Amino acid sequence: MTHDPAPEVLRYTAFSADPAGGNPAGVVLDAAGLDEERMLAVAAELGYSETAFLTGRTGDGAYTVRYFSPRAEVPFCGHATVATAVALAERDGPGELEFTTAAGPVPVTVVREDGELRATLTSVTPHITEIGEADLAEALAALDWPATDLDPALPPRIAYAGARHLVLAAATRERLADLAYDFARLETLMHRLDLTTLQLVWREAPEVFHVRNPFPVGGVVEDPATGAAAAAFGAYARELGLTPETAVLTLHQGADMGRPGTLTVELRAGDARVRVAGTGTRIGG
């Protein structure tokens, strides 16, 4: 019996220029010969929250891509998109890319600024929905958050910009920092609601937020920097009138995990899509 050679798995971090910051992602630039089972096994062995697999090339700078956590495929992953775009830019030079994902087409622009590569993805069309009272109560119970610890100015919603995220806003930075949740209980609820992560936020200033993302459905306690959730949050902020139609938000994530990263979220009047930008760099040689 013969076995296909192991694919080359690159390691990049997204939303930080420091390999020790941001969110690590696996990147497989040539996954054309891998089936779903093999991609899942590669992602599980690597152990990062997501690994991106380029499964085909559809044109100049255009690729099909699939994303796998250690436990399952996800329709879209922002940090792995940024990581893959940076990897391609290192190989081919900065420029325009388009990724065909399970959620839809995602254009990405990569530029070099002050010696660093910076990628900006444009989300699919987002939408926001309310969450039922019983489901909200269960989420808060799994987190061990009293309802009085929520910020009433940022009501709970489920936000989508390629994947579904439950947005919950903490009233204080201390509440956000104290994250010790019931993994199995939250995972069960998230599967039932088809959630990819929870987007836990605290508003420091009108356009500055600190965020954390529990990710038990992916087999990961917490995601250090979450581009898909950042896009969903941008749509949430606009829908609820928290920001002007044209705005740039700064999201700080990962500091509580020792992997600080920065995500820039751009909203444009007349365009429902959300742009998420950040730097990226290779981990190791």
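Phe15 is buried, with a relative accessible area of 2%. The model is a predicted one, and this residue is a good place to enter it. Phe15 sits in the loop between strand 1 and strand 2. Its phi is positive, about 70°, although Phe15 is not a glycine. Most residues other than glycine have a negative phi.

Asp194 makes a useful second case. Its phi is also positive, near 55°, and Asp194 is again a residue other than glycine. Is Asp194 buried or exposed? Asp194 is exposed, with a relative accessible area of 55%. The cut-off for exposed is over 50%. Asp194 belongs to the loop between helix 5 (183-193) and strand 12.

Now turn to helix 1, which spans residues 36-46. Its buried residues are Met39, Val42, Ala43 and Leu46. Seen down the helix axis, these buried residues fall within an arc of 95°, so they line one face of helix 1. What do they pack against? Their partners are strand 1 (10-14), strand 2 (23-28), strand 3 (51-59) and strand 4 (62-68). The face of helix 1 turned away from the buried side carries Glu37 and Glu45, which are exposed. After helix 1 comes Gly47, with a positive phi near 85°.

A little further along is Ser49, in the loop between helix 1 and strand 3. Ser49 has 5% relative accessibility, so it counts as buried. Which side chain does the side chain of Ser49 meet in a polar contact? The partner is the side chain of Asp223, at 2.7 Å. Asp223 also appears among the residues that Ser49 touches beyond four places in sequence. Others in that set are Asn23, Pro24, Phe68, Ser69, Pro70, His79, Phe215 and Val220.

Asp223 leads on to the enclosed space. How many cavities of 30 Å³ or more does a search of the whole structure find? The search finds one. The largest cavity has a volume of about 50 Å³. Asp223 is part of its lining, and so is His79. Glu50, Phe76, Cys77, Gly78, His165, Thr196, Thr197, Thr226, Gly227 and Ala228 line it as well. Two elements, helix 2 (78-92) and helix 6, each give two or more residues to this lining.

The open space comes next. The largest pocket holds about 230 Å³ of space. Its lining has 18 residues, and the closest to its centre are Glu73, Pro75, Asp194, Leu195 and Thr196. Asp194 is thus met again, this time at the pocket. Thr196 lines the largest cavity too. Strand 5 (73-74) and helix 5 each supply at least two residues of the pocket lining.

From here, follow the chain into strand 12. Strand 12 covers residues 197-205 and pairs with strand 11, residues 164-169. These two strands run parallel and are joined by five bridges. In this pairing, Ala169 stands opposite Val201 in strand 12. Strand 12 also pairs with strand 13, residues 208-215. How do strand 12 and strand 13 run, parallel or antiparallel? They run antiparallel, with five bridges between them. Ala205 stands opposite Val208 in strand 13. A hairpin of two residues links strand 12 to strand 13.

Two loop residues show how parts of the chain that are apart in sequence meet. Take Leu242, in the loop between helix 6 (227-239) and strand 15 (247-253). Leu242 is buried, with a relative accessible area of 17%. Its C-alpha atom is separated by 8.8 Å from that of Glu207, 35 residues apart along the chain. Beyond four places in sequence, Leu242 touches Ala153, Leu154, Arg203, Tyr236 and Ala237.

Ser123 is the other. Where is Ser123 found? Its place is the loop between strand 8 (116-122) and strand 9 (127-129). At 2% relative accessibility, Ser123 counts as buried. The C-alpha atoms of Ser123 and Ala235 are separated by 9.9 Å, and the two residues are 112 residues apart along the chain. With neighbours within four places left aside, Ser123 is in contact with Ala161, Ala231, Arg273 and Val274.

Technical notes:
Residues numbered from 1 in each chain as written. Predicted model: local features only at pLDDT ≥ 70, side-chain atom pairs only at ≥ 80, totals over all residues. Heavy atoms only, no water. Buried < 20%, exposed > 50% of the residue type's maximum accessible area, 1.4 Å probe, protein only. Helix = DSSP H or I, 4+ residues; strand = E, 2+ residues; numbered from the N terminus. Arc of directions from axis to C-beta. Contact = heavy atoms within 4.5 Å. Pairing = 2+ DSSP bridges. Polar contact = N/O pair within 3.5 Å; in protein donor to acceptor, adjacent residues only side chain to side chain. 1 Å grid on protein atoms, 1.4 Å probe; cavity = no way out; pocket = protein on both sides within 12 Å on 5 of 7 lines; lining within 4 Å. Points joined across faces, edges and corners; volume = space filled by probe spheres on them.
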